Amino acid sequence: MVRKTHPAVKENDLPAAELDRLVEESLGDFQGQSLDEYLAPKQNYALEQIVRGRIISISNDSDEVLVDIGYKSEGVVPRMELEDGNAYKAGDEIDVSLESLDDHGTLVLSKRKADRKRAWDRVINTYKEGDTVSGKVMRQIKGGLLLDIGVPAFLPASQVSLRRAGNIKDLEGQDLPCTIIKIDPSRMNIVVSRRKLLEDQRARLKEGLLADLEEGQVRDGVVKNIVDFGAFVDLGGIDGLLHITDMSWGRVTHPSEVVAIDQKIKVKVLKVDREKERIALGMKQLLENPWERVLEKYPIGSRHNGKVVNVMSYGAFVKLEDGIEGLVHISEMSWTRRVAHPSEIVQANQDVAVVVLDVNRDKQEISLGMKQAEANPWEAVESKFPVGTHIKGKVRNLTNYGAFIELEEGIDGLLHVSDMSWTRKVSNPAEVLKKGQDVEAVVISVDTERKRVALGVKQLTADPWQDTIPQKYAVGARITGLVTKITNFGVFVELEKDLEGLLHVSELADRRGKGADKTVADGQKLAVEVIKLDAEEHRIGLKLSDDEFDAAAADAPALAAPAADAPALAAPAGDAPAPAAPREPAVPASAPTPEAGEAPASPPG
């Protein structure tokens, strides 16, 4: 075979022997191989295969690192994948994953994926579902936490703790032991649970704890949950209930006032139900019951200072010390005020002075009084306002039966309608008085025990029925009067201001029986004659004088006859005395005096 000489050889005029030597040194074992055979890879490669490679070059001016994996061309690894804290240099060997071949024929490699797959293989070859692993919380992600157990593992938020966790972000950076609950090789996912690990631990502890627990033991615990009725305390494997009533001898509105989540406390075992796995705990039982010495510290009649802790419609509860509260009933709040609701006198957290009225240690009840801590103003009323005393006061309230006059602060007297005038019939006190008006009156009676003072205005003057009226309006006296009111039983005639007499219909009926037809009208003047005077009952009976009847008979219409069931308040002249108009009876000194603004249950008398 004749070898043709290449033009470049001719140009350099190299001897044939020298040229053969240089080629042999350069190609070595290549002799006998084609160029394609030489450039072909020494092994078969597949995508995502992990191979060992050698770093060829690292340049600060490039984001890629050249790596030789024995392929027909070098591969490139993103430089940021080598920035894991290690200092790499040319010649270092690293594991890489074959990702793809780009359009320029460059092989794309990934060190990060190779590291992850190596770690994944190492983890799944070491652990299986149900095994316990420990990992550092990398960061919070949607739905839970990411743990580093050699590979990232997912810890759902619901599996972080035995109970609902607070801010799980606070766990970042902490090492948490967990149980592997799921391994998905196809997706390279691992799910872990710290809750499962804790539950398994508690189950083992619970069995031993239940066997060891006895009533009366004092145990250390940690508050795990707070509810309205108490707190659940972890005794180290099982929870016990610390009821709100067993937290303190004092008043507890909510358990959070006494304990807090994760607080370490000492508790006493009150009851153990092993069948239902229920444990009742107490804190107050570790302290002395203050009610044991209540009679020594709070004897009846003793005075103390306390704080109002609760106001109810029937009274107020006053705290004397932690665990000792007493009730001030609404009736024991004021000597003088009629209290509709305790909030008119006291408010929550107010400091008050009280006197012990009664103690029941067995029922843990104390009756207290506020008014007893002050002087009783009614004890001085009789000496300050004896019967016959003239007083001046202001009308504080009006009722349909009288007016309440303020004698001094907290002390009222009742001026009954029957004691407002000797002669005028007062139907309603508003006819003669108004609220806030200054009134002068006289004390008629004082009942200290029932806290009542009766007043009178008419008693300021002499009773005209005892002297003046009997003299002026003796039987037979003739007067001209004014018709003020017409009723079915007769006519009221005003004889003078505030003094009336009754002209009974029977007096007119007799005249009508003789053929007379008589009519009267409001405001009409009549000549009348007194036929009866009752000074005790304050009544004057009248009849028409003969002159009046004769003068008016011609044009006066007849007065209607009384109804069949109308009361006969007057009898015909000469047969029986004619009664005067009805009068409200006065309140006797011993009768109960209604409170201001309150109508009596029955008419006073």
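Here a student and a tutor talk through a predicted model and the terms used for it.

Tutor: In this predicted model, local features need pLDDT of at least 70, side-chain atom pairs count only at pLDDT 80 or more, and totals for chains, interfaces and linings use all residues. Residues are numbered from 1 along each chain as its sequence is written, and side-chain values use heavy atoms, with hydrogens and water left out.

Student: Why is Glu529 called buried?

Tutor: Buried means under 20% relative accessible area, exposed over 50%, and partly exposed in between, with a 1.4 Å probe and protein chains only. Glu529 has a relative accessible area of 15%, so Glu529 counts as buried.

Student: Where is Glu529 found, and what is Glu529 in contact with?

Tutor: Glu529 is found in strand S29, residues 525–534; strands are DSSP runs of E with at least two residues, numbered from the N terminus. Leaving aside neighbours within four places in sequence, the contacts of Glu529 include Arg478, Leu542 and Lys543, where contact means heavy atoms within 4.5 Å.

Student: What makes S12 and S13 a pair?

Tutor: Two strands pair if DSSP finds at least two bridges between them. S12 (residues 230–234) and S13 (residues 239–243) have five bridges and run antiparallel, so they pair. Val233 stands opposite Gly240 in S13.

Student: How do you know that S13 and S15 pair?

Tutor: Two bridges join S13 to S15, so the requirement of at least two is met. These strands run parallel, and Leu241 stands opposite Ala280 in S15.

Student: Which strands close into the barrel, and in what order?

Tutor: The order is S11-S12-S13-S15-S14, with mixed pairing.

Conventions. Helix = DSSP H or I, 4+ residues; strand = E, 2+ residues; numbered from the N terminus.
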